[in-house]
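Trainee: I've just opened this one and don't know my way around yet. Could you walk me through it?

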Amino acid sequence: MPPTLSSLVDELGLPVLAGAGALDRAVSWVHGTELVDPTPFLEGGELLLTTGLAVRRGFRAYVDRLAAVGVVGLGFGTGLSHAVVPPGLVAAAERAGLPLLEVPRATPFIALSKAVSRAVAAEEYAALTRAGEAQRALTRAAVGRDGVAAVVRRLGQWVDARVVLLDPAGEPVHAFGARPLPDVGPELARLRASGGLASSAFETGGEHVVMQVLGGRGRGFLVVGRERPWDPADRGIVTTAASLLTLALAQSDSARRRSRTAEFHLLLAGQGDLVPDLPAEPLVVAVLDGVPVQDVPGFAAEVDGHVVVVAADAPAVPGALVGVSLPVGIPGVAEGYRQALDALAAARPSTPVVRFADLAGVGLMALLPEGAGKAFADSLLQPLSAELRESVRVWLAHHGQWDPAAARLGVHRHTLRNRVRRAESLLGRSFDAPGVRAELWLALGE
């Protein structure tokens, strides 16, 4: 604990002349001065020492200045310029509630400075020792069984606080402490909107609350609250716990992704009975490009550079290109995957979600009798040269993206753009229509 006026009084046997009810104030440092107005040189929290060389009148103004700047006490040395502490100073200190200590000549000012210095050093050492012990305890909890919950529990024990771990949606996942936290919804919304690593400390509902975003992608939120204010040492312990939780959640996400990928391969192999937590049939298979797997809800796996989802319906993920299969049962996931890949090939930024039904159920190809597909393809593509056919095929295969398609063909993107526009003119159709793209895709033999 930091040194207090009370501890100095007890250690050095100093008489208390005023402000005896405020001796529990913590002393940050000791400062000696003979200035009438030393406040420009003070930060607050000091025990100010003086022999009163310049303080012979105006006691009330002098004391009020010290109290206003946050001085915790005044030590007056006697036996030098003053045989006793001036009664006017005693009265002014008592009126302001400022502790006034008499420091007899036999007690040098340096004795007070040394006592406070020893206490401050001891407190800092104790804080460092405690922080090191807490870090080791939290690390052991993180690498043990049920590491995330264990870190939450140990953190609450070390800082004597209520701790809640929230998921990215703000729902509680793990908690420690019986007392409920006050509403942190507005601050949670602000941190979520920050879009990255962020922290916040605030007071609400009588609680001093610290919140931290876990990870740059917001894997969750750590909320810690208690009735007394936070000191730097305990804030450091909270930061250590947040770092360990971020690492643990990242490792958990990585393990979960690997598990999902393995489970999806079991579905492709027709072993769906070995895969838990699948949605009820019928379901669809969706293949997504352009987003990381952690941004996709539900049963999501990474397969061959795509994110594959098995769900009751295709997820709505902003910024993603999505191909969606027809409804299938669990034994039909492999076929659904092939359908979703075909649908994804026709997706583009202007039409980001394409369902296989758009390819198989719309347009002339679905209406032709069996065996007439080749004749239709020949008729459809007849106006196009081999060069234009290949250019359109590669362009479609790259989802209508000019730069990668041009690089694949070894031409400039303007050259490819001119070829596609010429093909549109020759066929008399706009390639912006999903149905037209689907017919071209099928006619080109993809």
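**A first walk through the model**

Mentor: Sure, and keep in mind that this is a predicted model. Let's start just after helix H2, where Gly 70 takes a positive phi of about 100°.

Trainee: Which residues of H2 are buried, and on how wide an arc do they lie?

Mentor: In H2, which spans residues 59-69, the buried ones are Phe 59, Tyr 62, Val 63 and Leu 66. In general, a helix has 3.6 residues a turn, so residues three or four places apart point the same way. Here the buried residues are on the same side of H2, because the arc they cover around the axis is only 90°.

Trainee: And what covers those buried residues of H2?

Mentor: The cover includes both strands and a helix. Among them are strand S3 (46-50), strand S4 (73-77) and helix H3 (87-96).

Trainee: Moving on to the sheet with S6 in it, what is the strand order?

Mentor: Strands of a sheet pair through backbone hydrogen bonds, either parallel or antiparallel. This sheet is open, has five strands, and its pairing is antiparallel. On average, neighbouring strands are turned by 15° against each other, direction ignored. The order is S7-S6-S10-S9-S8.

Trainee: Which strands stand at the edges there?

Mentor: Look for strands with a single partner strand, so that one side is left without a neighbour in the sheet. Those are S7 and strand S8 (199-204).

Trainee: How many residues of S6 are buried?

Mentor: S6 covers residues 162-166 and is mostly covered. Arg 162, Val 164 and Leu 166 point one way, Val 163 and Leu 165 point the other way, and all are buried. That makes five of its five residues.

Trainee: In S6, which residues stand opposite Val 163?

Mentor: S6 is joined to strand S10 (residues 220-226) by five bridges and to strand S7 (residues 172-176) by four; both pairings are antiparallel. Val 163 has a partner in each of them: Val 224 in S10 and Phe 176 in S7.

Trainee: Which residue takes a positive phi in the hairpin of S6 and S7?

Mentor: Leu 166 of S6 stands opposite Pro 172 of S7. The hairpin has five residues between the strands, and the one with a positive phi, near 90°, is Gly 170.

Trainee: Which helices pack against this sheet?

Mentor: One covers residues 147-159 and touches S6, S7 and S10, with its direction at about 35° to that of S7. Another covers residues 185-194 and lies across S6, S8, strand S9 (207-214) and S10, running at about 165° to S8. In that order, they are H5 and H6.

Trainee: There's another sheet, with S11 in it. Which helix packs on that sheet?

Mentor: That sheet is open too, with five strands in the order S12-S13-S11-S14-S15 and mixed pairing. Its edge strands are S12 (299-303) and S15 (353-355), each pairing on one side only, and the twist averages 20° from one strand to the next. The helix packing on it covers residues 333-345 and touches S11, S12, S13, S14 and S15, at about 40° to the direction of S11: helix H8.

Trainee: Which residue is the bridge partner of Val 322 in S15?

Mentor: Strand S14 (residues 321-324) pairs with S15 in the parallel sense, over three bridges. The partner of Val 322 is Val 353.

Trainee: Now H11 and H14: at what angle do they cross?

Mentor: H11 covers residues 386-397, H14 covers residues 434-443, and their axes come within 10 Å. The crossing is left-handed. The contact is made by Val 392, Arg 393, Trp 395, Leu 396 and Ala 397 of H11 with Arg 437, Leu 440 and Trp 441 of H14. The angle is roughly 120°.

Trainee: How do the residues of that contact divide?

Mentor: Sort them into nonpolar, polar and charged. The result is six nonpolar, no polar and two charged.

Trainee: Last one: is Val 420 buried or exposed, and what is Val 420 in contact with?

Mentor: Val 420 is part of helix H13 (residues 413-427). Buried means under 20% relative accessible area, and Val 420 counts as buried because its value is 0%. Leaving aside neighbours within four places in sequence, its contacts are Trp 395, Trp 402 and Phe 431.

Note on methods
Residues numbered from 1 in each chain as written. Predicted model: local features only at pLDDT ≥ 70, side-chain atom pairs only at ≥ 80, totals over all residues. Heavy atoms only, no water. Axes fitted to C-alpha atoms, helices over the stretch in contact; angles between N-to-C directions. Helix = DSSP H or I, 4+ residues; strand = E, 2+ residues; numbered from the N terminus. Left-handed = near helix turned anticlockwise from the far one by under 90°. Contact = heavy atoms within 4.5 Å. Nonpolar A, V, L, I, M, F, W, Y, C, P; charged D, E, K, R; others polar. Buried < 20%, exposed > 50% of the residue type's maximum accessible area, 1.4 Å probe, protein only. Pairing = 2+ DSSP bridges. Arc of directions from axis to C-beta.
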